[in-house]
Amino acid sequence: SFLSVADYVSLLNTTLGFLSIIVLLSNWIDWEPLRLKISFSLILLALIADGLDGVVARKYGSSQIGGYLDSMADMTSTCIATSIFIYIVYLNNYLNPIYNHIYENWGLILVLIFFLSMGTVRLVAFHILKNKKYFIGFPAPAGAILLVTVAFLKIDILYIVLIIFLISIAM
């Protein structure tokens, strides 16, 4: 078979990340807090699937494309879904009235682009930088967990921008 069992777990990861985006952008659920909770939960489930695909691959073996598929799946849940989640949380919830929301919006967009870029580089370079004893750079899934959790708590937008920037650099 072209795909291994671990590859199907990676596909579950990308599916859950995609569904989290769909929940955020759809009008299936009118109440925003519930929409955010469901999307947040789907991202966390995707990140659990990300952890499980490696466990399954070690136990049952992996395919030739397994590592590449894992990175692509992680891109969906770790970088894209996480960035869209953060943007949607802060789109209508400008928590610091001192600043003009137009500038906050662009600042958030720019730092999310930086996060996407650094997350992409991290995921692509993971297999090159991988060392048997330790990780080089901050793991993208750990950054995603931290960011979606902090965004879910709706901390001040200036703090989330700073946290996103620092995690991006650390990756």
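# Close-up views of a six-helix predicted model

**Figure 1. The side chains of Ser-77 and Asn-13 form a polar contact at 2.6 Å.** A polar contact is a pair of N or O atoms within 3.5 Å; within protein, one must be able to donate a hydrogen and the other to accept it, and residues adjacent in sequence count only if both atoms are side-chain atoms. The model is predicted: local features need pLDDT of at least 70 and side-chain atom pairs count only at pLDDT 80 or more, whereas totals for chains, interfaces and linings use all residues. Residues are numbered from 1 along each chain as its sequence is written, and side-chain values use heavy atoms, with hydrogens and water left out. Ser-77 belongs to helix H3, which spans residues 66–91. Helices (H or I, at least four residues) and strands (E, at least two) are DSSP runs numbered from the N terminus. The relative accessible area of Ser-77 is 0%, so the residue is buried (buried, under 20%; exposed, over 50%; partly exposed, in between; 1.4 Å probe, protein chains only). Beyond its neighbours within four places in sequence, Ser-77 is in contact (heavy atoms within 4.5 Å) with Asn-13, Gly-17, Ile-43, Ala-46, Leu-47 and Thr-82.

**Figure 2. Helix H1 packs against helix H2.** Helix H1 covers residues 5–25 and helix H2 covers residues 32–60. Their axes lie 8 Å apart and make an angle of about 170 degrees (lines fitted to C-alpha atoms, for helices over the stretch in contact; angles run from 0 to 180 degrees between N-to-C directions). H1 is therefore roughly antiparallel to H2 (over 145 degrees; under 35 is roughly parallel, 65 to 115 roughly perpendicular, the rest oblique). The contact of H1 with H2 comprises 18 nonpolar, five polar and three charged residues. In this classification Ala, Val, Leu, Ile, Met, Phe, Trp, Tyr, Cys and Pro are nonpolar, Asp, Glu, Lys and Arg are charged, and the others, Gly among them, are polar.

**Figure 3. Phe-85 of helix H3 and Phe-152 of helix H5 are in contact.** Phe-85 has a relative accessible area of 0% and is therefore buried, whereas Phe-152, at 27%, is partly exposed. The two residues are 67 positions apart in sequence, and 8.7 Å separates their C-alpha atoms in space. With residues up to four places away in sequence left out, Phe-152 touches Leu-36, Lys-37, Phe-40 and Phe-85. On the same basis, the contacts of Phe-85 are Leu-24, Leu-36, Ser-39, Phe-40, Ile-43, Val-148, Ala-151 and Phe-152. The C-alpha atom of Phe-85 also lies 9.5 Å from that of Leu-147, a residue 62 positions away along the chain.

**Figure 4. Val-161 lies in helix H6 and is in contact with Leu-108 and Val-111.** Those two partners are listed with neighbours within four places in sequence left aside. The C-alpha atoms of Val-161 and Gly-107 are 7.5 Å apart, with 54 residues separating the pair in sequence. A relative accessible area of 23% is the reason why Val-161 counts as partly exposed.

**Figure 5. Pro-139 and Lys-154 are loop residues.** Pro-139 sits in the loop between helix H4 (101–129) and H5. Its relative accessibility of 26% makes Pro-139 partly exposed. Pro-139 and Phe-126 are 13 residues apart in sequence, with a C-alpha to C-alpha distance of 8.9 Å. Lys-154 occupies the loop between helix H5 (140–152) and helix H6 (157–170), and its relative accessible area of 31% makes Lys-154 partly exposed. The phi angle of Lys-154 is near 55 degrees, a positive value in a residue other than glycine. Most residues other than glycine have a negative phi.

**Figure 6. The protein contains six helices and zero strands.** From the N terminus, its elements run α-α-α-α-α-α. Of the 171 residues, 43% are buried. Among contacts with a separation of 6 or more, 77% are between residues 24 or more positions apart. The protein exposes about 9,500 Å², of which carbon and sulfur atoms supply 72% (Shrake-Rupley method, 1.4 Å probe; for residues, only the protein chains shown count as cover).
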